[in-house]
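Below is a set of questions and answers on a few local features of one protein model, each argued from values computed on the atoms. Please have the sequence and the coordinates at hand while reading.

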Amino acid sequence: MKVFVVHAHPEPKSFCTAMKSTAVEEFERQGHEVKVSDLYAMGFQPVASIDDFTERADPDYCTYALEQRHGVKTGTLSQDIQDELDKLLWCDLIVFVFPIFWFSTPAILKGWIDRVLVSGQVYGGKRFYDQGGLKGRKALVGFTIGGQEHMFAEQSIHGPIEGMLKHCCREHWPIPV
């Protein structure tokens, strides 16, 4: 199996980074091919902009999803996006490892999602849900969160942990991966 690990934690000595390293070691020990994108270590640029395209479909007005489609069609996505997209299309399993920051992913990972899950390749047209551009691939999410177990229950300060994940991990929700 080909495994792509996307890691988003700023501290190399964190528990989250140790989880990523352990996962990579275990996948490799089991004989799987593994590629890793450590977004902070790479200095990944999370901000979507016109610089994401070496040629524009409309140089006067940027409709990002349409520019992504043009970039896919013409091979004019910026190199950093193309490199990550190549890894994504290569894998059978994508593993996201990150801490929960303010009830969501770190901004660097959100930016990776915005820039790498490109319209015209991953979604768009008839590419949605079980017909998406990543059909047949599996996804695994490993995350860390500050706090103690008693803080994440029905009547506790933060409520159930599922509430923090509802934007990305709904039960019975068809996911396009």
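Q: Is Gln68 buried or exposed, and what is its relative accessible area?
A: In this predicted model, Gln68 is part of helix α3. A residue counts as buried when its relative accessible area is under 20%. Gln68 is therefore buried, its relative accessible area being 1%.

Q: Which residue has its backbone nitrogen 3.1 Å from a polar atom of the side chain of Gln68?
A: Leaving aside residues up to four places away in sequence, Gln68 touches several residues, among them Asp114, Val118 and Ser119. The backbone oxygen of Asp114 is 3.3 Å from a polar atom of the Gln68 side chain, but an oxygen is not the atom in question. The backbone nitrogen found 3.1 Å from a polar atom of that side chain belongs to Ser119.

Q: Which strands do the buried residues of α4 pack against?
A: Helix α4 covers residues 79–90 and reaches 16 Å from its first C-alpha to its last, close to the expected 16 Å. Its buried residues are Ile81, Glu84, Leu85, Lys87, Leu88 and Trp90. They pack against the helices α2, α3 and α5, and also against the strands β1 (2–7), β2 (33–38) and β3 (93–99).

Q: How much accessible area do Tyr40, Phe101, Trp102 and Phe103 have together?
A: Phe103 is located in the loop between β3 and α5. Its relative accessibility is 43%, so Phe103 counts as partly exposed. With Tyr40, Phe101 and Trp102, Phe103 forms a nonpolar patch on the surface, whose accessible area together is about 490 Å².

Note on methods:
Residues are numbered from 1 along each chain as its sequence is written. This is a predicted model: local features need pLDDT of at least 70, side-chain atom pairs count only at pLDDT 80 or more; totals for chains, interfaces and linings use all residues. Side-chain values use heavy atoms; hydrogens and water are left out. Helices (H or I, at least four residues) and strands (E, at least two) are DSSP runs, numbered from the N terminus. The expected span of a helix is 1.5 Å times one less than its number of residues. Buried means under 20% relative accessible area, exposed over 50%, partly exposed in between (1.4 Å probe, protein chains only). Contact means heavy atoms within 4.5 Å. A polar contact is a pair of N or O atoms within 3.5 Å; within protein, one must be able to donate a hydrogen and the other to accept it, and residues adjacent in sequence count only if both atoms are side-chain atoms. Patches are made of residues with over 30% relative accessible area and no salt bridge: like charges are joined within 9 Å, nonpolar side chains (Val, Leu, Ile, Met, Phe, Trp, Tyr) within 5 Å. Accessible areas come from the Shrake-Rupley method with a 1.4 Å probe; for residues, only the protein chains shown count as cover. A salt bridge is a side-chain nitrogen of Lys or Arg within 4 Å of a carboxyl oxygen of Asp or Glu.
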